[in-house]
Amino acid sequence: MQPEELPVQLPAGSVLLDVREANEWQAGHAPGAVHIPMSELVQRLDEIPEADQLYVICRSGGRSAKVTAYLNANGWDAVNVERGMNGWAALGRPLVSDDADGEPYVL
């Protein structure tokens with residue numbers, strides 16, 4: 001799925017799962033996204049929220065494609081967001097940061 005196909009406000013029952021590393025997340029992420037880094041995913045599967053639709057995003061789409069394939073092979077209904085947060089930001093979609101003093105950006 002391309003980022004422009006993803007509603008800015010996800011429908012009820014949908015979750016945006018950000019699988020980037022902690023420093024990437026802290027720099028800037030989509031509001032309301034759930035953060036579980038790809039490197040920790042297998043150990044944290046029980047933290048993935050119940051969802052009718054699970055959208056998986058990273059910086060450019062590579063890591064999220066791998067995570068999506070893994071999740072789908074293990075019973076989830078996951079969709080990869082191609083172009084990732086780079087595509088999200090290029091569309092002018094909202095970003096928030098864990099740094100209250102800094103402007104959010106995609107790292």
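Student: How many aromatic pairs does the structure hold?

Tutor: It holds 0 of them. To count, rings of Phe, Tyr and Trp (its six-membered ring) need centres within 6.5 Å; planes under 30 degrees apart are stacked, over 60 edge-to-face, and the rest tilted. By the way, this is a predicted model, with local features needing pLDDT of at least 70, side-chain atom pairs counting only at 80 or more, and totals for chains, interfaces and linings using all residues. Residues are numbered from 1 along each chain as its sequence is written, and side-chain values use heavy atoms, leaving out hydrogens and water.

Student: What makes Arg93 lie over the face of Trp88?

Tutor: The rule wants NZ of Lys or CZ of Arg within 6 Å of the ring centre and within 35 degrees of the ring normal. Arg93 is at 5.2 Å from the ring centre of Trp88, so the distance passes, and Arg93 is indeed listed as lying over that face.

Student: Why is the contact of Glu4 and Arg83 called a salt bridge?

Tutor: A side-chain nitrogen of Lys or Arg must be within 4 Å of a carboxyl oxygen of Asp or Glu. Here the N to O distance is 3.0 Å, so Glu4 and Arg83 qualify. This pair links distant parts of the chain: Glu4 is in the segment before β1, while Arg83, 79 residues away, is in the loop between β4 and α3 (84–90). Those labels are DSSP runs numbered from the N terminus: helices (H or I, at least four residues) and strands (E, at least two). Searching the whole structure turns up 6 salt bridges.

Student: How do you know that β1 and β2 pair?

Tutor: DSSP has to find at least two bridges between two strands. β1 and β2 have 2, in the parallel sense, so they make the cut. One bridge partner you can look up is His35 in β2, matched with Asp18.

Student: What makes β2 and β4 edge strands?

Tutor: The 4 strands form an open sheet with parallel pairing, in the order β2-β1-β3-β4. β2 (34–35) and β4 (78–80) each pair on one side only, and that makes them the edges.
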